[in-house]
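Student: Could you walk me through this model, and maybe begin with a term I keep tripping over before we get to the details?

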Amino acid sequence: MQMEVTCRCGWSTRGSKSAVIAAVQAHGRNEHHQEITPAEVRSIWRSVEGSGAQK
Ligand SMILES: [Zn+2]
């Protein structure tokens, strides 16, 4: 299963849970100068199922 997060600025990322958490944290730091916790990422992400050829 993949997870997807769309930021309030329009940026979005998709990938495995650990990859999405890392990407959102990096994006928050770089673009918003904001530290985002893994718990915050989990509260806003949504699962992406049945898209593409993912296992
Ligand atoms: Zn953003």
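Tutor: Let me begin with the term nonpolar core, which is a set of buried Ala, Val, Leu, Ile, Met, Phe, Trp, Tyr and Cys residues joined through C-beta atoms within 7 Å. A residue counts as buried here if 20 or more other C-beta atoms lie within 10 Å of its own. Please keep in mind that this is a predicted model.

Student: OK, so which residues make up the largest nonpolar core?

Tutor: The largest nonpolar core has six residues, namely Met-3, Val-5, Val-20, Ile-21, Val-24 and Val-41. The elements that give two or more residues to this core are E1 and H1, and H1 gives the most, with three residues.

Student: What does Val-20 touch, if we leave aside its neighbours within four places in sequence?

Tutor: With those neighbours set aside, Val-20 is in contact with Met-3, Val-5 and Val-41, and also with Thr-13, Arg-14, Gly-15 and Trp-45.

Student: Stepping back, how many helices and strands are there, and in what order do the elements run?

Tutor: The chain has two helices and three strands, and from the N terminus on the elements run β-β-α-α-β. Of the 55 residues of the chain, 11% count as buried. Among contacts between residues at least 6 apart in sequence, 35% join residues at least 24 apart.

Student: And how do the three strands line up in the sheet?

Tutor: They form an open sheet in the order E2-E1-E3, with antiparallel pairing. The edge strands, each pairing on one side only, are E2 (12-15) and E3 (46-48), and the twist averages 30° from one strand to the next.

Student: How many bridges does E1 make with E2? And with E3?

Tutor: E1 and E2 pair in the antiparallel sense over four bridges, and in that pairing Val-5 has Thr-13 of E2 as its bridge partner. Strand E1, residues 2-6, pairs with E3 over three bridges, again in the antiparallel sense, and there the bridge partner of Glu-4 is Arg-46.

Student: Which side chains of E1 are buried, and which are not?

Tutor: Met-3 and Val-5 point to one face and are buried, while Gln-2, Glu-4 and Thr-6 point to the other face and are not. In a regular strand the side chains alternate between the two faces of the sheet.

Student: Where does H1 lie relative to those strands?

Tutor: H1 lies across E1 and E2, and runs at about 155° to E2.

Student: Switching to loops, what is going on between E1 and E2?

Tutor: The hairpin of E1 and E2 has five residues between the strands, and Gly-10 in that hairpin takes a positive phi near 105°. Cys-9 is also found in the loop between E1 and E2.

Student: Is Cys-9 buried or exposed, and why?

Tutor: Cys-9 counts as exposed because it has 9 C-beta neighbours inside 10 Å, and the cut-off for exposed is 12 or fewer. The C-alpha atoms of Cys-9 and Glu-31, which are 22 residues apart along the chain, are separated by 9.3 Å.

Student: What phi does His-33 have?

Tutor: His-33 has a positive phi of about 50° although it is not a glycine. As background, most residues other than glycine have a negative phi. His-33 lies in the loop between helix H1 (17-32) and helix H2 (38-44).

Student: Buried or exposed, that His-33?

Tutor: His-33 is exposed, because there are 7 other C-beta atoms within 10 Å.

Notes: Residues are numbered from 1 along each chain as its sequence is written. This is a predicted model: local features need pLDDT of at least 70, side-chain atom pairs count only at pLDDT 80 or more; totals for chains, interfaces and linings use all residues. Two residues are in contact if their C-beta atoms, placed from the backbone, lie within 7 Å. Two strands pair if DSSP finds at least two bridges between them. Axes are lines fitted to C-alpha atoms, for helices over the stretch in contact, and angles run from 0 to 180 degrees between N-to-C directions.
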